[in-house]
Amino acid sequence: MRPNGVQAVVRGIMEGTGGGAGAEAAAVDWRKCDTVAKILASCPQQCLSVEDYYQLVCPQVLDLLHIQDKLTARQFQRVATTTLLTMAKEHPQLAEKHLLQPLLAPLLRCSETAELAVEDLSAGTVLVTEAELGSCVEDVLKVYVVGNDSSSLLLGSLQSVLGVVFSLYSFAKQNVSYLRSLCQEILLWFLEKSEREVSLAVLEGFAGLNSSVCGLHPRCRFHVGSEGGATIAVEETISDEDEALYQKVSSEQCRVENLVELLSHCQKSGLAGDFFIRCLKALTRVAAEDEEASNLAAEPGGSLLELEQYHAAQRRKLLVLQLVATLCESVSDTIFTDIVQVEEFVAATLQRACLSPAQGPGAAAETQTLAMAMGLVAAMLGGAVQLQSSDFAVLKRLVPLLEELSRTYPEPLTQELAADLRIAICTHGAFSPETVGAAADSVLGKKPGMGAQSPAGTPGGAPSPGGGRAPPRHGLSAPRERSEEQSVSHEPGTVGPSPSPCADSPAPAGLQELLVSAYDPQPPSRAAALRCLASLITQKDPEALRLQEKLLQVFLENMQHEDAFVYLSAIQGIALLSSEYPEQILPVLLARYGCPVRGTEDTVAAVTRMKLGEVLMRVTRVLGDMVFKHREPLIQAFLRGARDPDSTLRASSLSNLGELCQRLGFQLGSIVQEVTSCLTAIAKTDPEAEVRRAAVHVVVLLLRGLSEKATEVLQDVLRDLYRLLKHVVVAEPDGATVLHAQLALEELDTVMRRVLFPPQTLEKKIVVLP
């Protein structure tokens, strides 16, 4: 109870422990720590009250967390953590007042509910210093995460500052800070230990959908600290409305992205799946309220309160849409971990379909989601998962929704599939119509037995292109990469031939259908057909290889498509075709790559040529050692591209040249003079910094890749390269380019030292005399 008395007690009892090795010594050490913690948590008889004892002892207990001596720090922190947890169990209110609130004080000081009058402080006032914030976060990690006591008091106290911790996590994600991993561990520990409803509410609070967590005060901002941490200071309110709106929108987008990144670590526990389902249900409610809210806003003479409520509802709607979109893009397809989660996902999708059938600009996405949900149910009924009677009890919750969908949905083929699914669920899979089996096959990637008889446009009935090539997926995941393929046959009112599934030896008619689908106006259908054609090339299908010129034309035309999914599939197809017939295909690609851009305004042509450069690099990777045969045409093509009027294309060509040099093992042959002359001219005279940076980077790759062979391979140009690098270091304004040049000079210095001063080796020689 005296000053530094707690440390004296701990040092006196723990003296001599911790030096032993082995499990027995460690166990003795932990038992002593727990015993000392119980002694410190017990109020002695000579103290007048427990609160007086806590006032004297608790600050000293918190000081134990900051012991710097490495030999005793682990023991002292163990004692402090166990003492705090014991006090929290015995006297929760006193522990919260004298231990938890002082521990969390730096975070509470800058939260939205802080009693501190932040508005009265001048701009630039530092509320929390770097050392104070770093120490607080480390203490929270030691007490909560390492202590690992999930009592309601500890979880509740941590929830009060969780919004500030998440803001600090988002700030650390954008900067280099050691606090990032600490904050992530704290957040994940809370989400894991809390009840599922509390965790979901907290995640919604992070996204800004509710007020379950208190975030950072609007006038407080994080700043980068000098020691790798962060400080919290007061900032002036932004007067410019446009700037304030931009800051708000960008911060919300960053917050959603960081939330999804945090959820990627929670997939095994099922929390990510539950949160995704919760967002889908919120999206369904938004769809129901949208029409009513718009009518309310359109009424003249509405009160200011009603208008404010309308704007709040619109903001919530946009947040929910942004969350669902980011989750669909970023979270992997193993998000669903059990039958119940799949049922909830399907139920949320069916409810939205019953509430507002797909129409307008978002009809394709709505139809695709509905097809994926119904395909999941069909896959489970088709044997992808061994279903028990309890699982059928869960699936029977979908029966009323399927019945309503079979009566009200405007697309008749979707109505038929919904009715068949309802029959299959009610009969526990004993009766499974053909449409259910076809839908299951399309999800699992199998070739359906009745695919030829399935009508075009049946949801799941007409298999997707490439459906027979993908390996079967056994599990409860919603395969995101196949959802685009399913949309080929799930679009309502689709007119035209439906692509046939790829078989080992497809008939010419089936190949013709794939070529037609390669020009489908829907990007998912087009990309799926291109991937199927590429798989035919991989399997050396005779019909496909016979039409290599036609396939090349199809791929080249689709490479100009603006959708990334389409042109990347086309690039893959061209690369595969070129690897099979390099003698015929490479000259065509090099000729197209060498066509100059007509004026700097023709950005589309420049983008197409950059895509061709990516194709050429993929071909060199596939060819391996065979690329030596095509060495000079490739290098000359990239050297011509390095003199193009478009700066982006110049930088891309130099990047391709550097990678090609690596693929060639830096054996450039007689063309080395041209390469170095081009690099020297660009590094000295090019007006764009990124192009000069790329040129110097190629020099770095040459020196680093050749190493000691540089004096032999580059003997004629080594002096010119050295002068170039010295010139860049002295005269170059771009910092990154100067850094590349300094790295190259260091590499060159190391090489020359090895050549001029070879390491001395002592050898023993034994000579046998005749």
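A residue is called exposed when its relative accessible area is over 50%, buried when that area is under 20%, and partly exposed in between. In the predicted model described here, K89 has a relative accessible area of 61% and is therefore exposed. The protein chain as a whole comprises 770 residues, of which 48% are buried. Its secondary structure consists of 34 helices and three strands. Of the contacts in the protein chain between residues at least 6 apart in sequence, 70% join residues at least 24 apart.

The structure contains 14 salt bridges. One of these pairs K89 with D149, with the closest N and O atoms 3.8 Å apart. K89 belongs to helix α4 (residues 70–90), whereas D149 lies in the loop between α6 and α7, and the two are 60 residues apart. In contrast to the exposed K89, D149 is buried, at 15% relative accessibility. A further salt bridge joins K97 to E51, where the closest N and O atoms are 3.1 Å apart. Because K97 is located in helix α5 and E51 in helix α3 (residues 50–63), this pair ties together parts that are 46 residues apart in sequence. Both partners are partly exposed, K97 with a relative accessible area of 46% and E51 with one of 31%.

Another salt bridge is formed by the side chains of R693 and D734, at 3.1 Å from N to O. R693 is part of helix α31 (residues 689–706) and D734 of the loop between α33 (718–731) and α34 (735–756), so parts 41 residues apart in sequence are tied together. R693 is partly exposed at 29% relative accessibility, while D734, at 15%, is buried. In addition, salt bridges link E197, E204 and R278 in a network.

A charged residue without such a partner is found in helix α6 (residues 130–146), at D139. D139 is buried but has no salt bridge; K142, the nearest side chain of opposite charge, is 4.0 Å away. Beyond its neighbours within four places in sequence, D139 contacts L65, H66 and L103.

Helix α5 (residues 92–108) also includes Q101, which is partly exposed at 42% relative accessibility. The C-alpha atoms of Q101 and S157 are 8.1 Å apart in space, although 56 residues separate the two in sequence. When neighbours within four places in sequence are set aside, Q101 is in contact with E96 and L108.

Helix packing is illustrated by α10 (residues 196–207) and α11 (residues 241–263), whose axes come within 9 Å and cross at roughly 150°. The two helices are therefore roughly antiparallel. L203, F206 and A207 of α10 meet R255, L259 and L263 of α11 in this contact. Five of the contact residues are nonpolar, one is charged and none is polar.

Backbone geometry was also examined. Most residues other than glycine have a negative phi. N4, which is not a glycine, nevertheless has a positive phi of about 60°. N4 is situated in the segment before α1 (5–14) and is exposed, at 56% relative accessibility. N148, likewise a residue other than glycine, has a positive phi near 55°. N148 is placed in the loop between α6 and α7 (152–159) and is partly exposed, at 40% relative accessibility.

Methods. Residues numbered from 1 in each chain as written. Predicted model: local features only at pLDDT ≥ 70, side-chain atom pairs only at ≥ 80, totals over all residues. Heavy atoms only, no water. Helix = DSSP H or I, 4+ residues; strand = E, 2+ residues; numbered from the N terminus. Buried < 20%, exposed > 50% of the residue type's maximum accessible area, 1.4 Å probe, protein only. Lys, Arg positive; Asp, Glu negative; His and termini not counted. Contact = heavy atoms within 4.5 Å. Axes fitted to C-alpha atoms, helices over the stretch in contact; angles between N-to-C directions. Parallel < 35°, antiparallel > 145°, perpendicular 65-115°, else oblique. Nonpolar A, V, L, I, M, F, W, Y, C, P; charged D, E, K, R; others polar.
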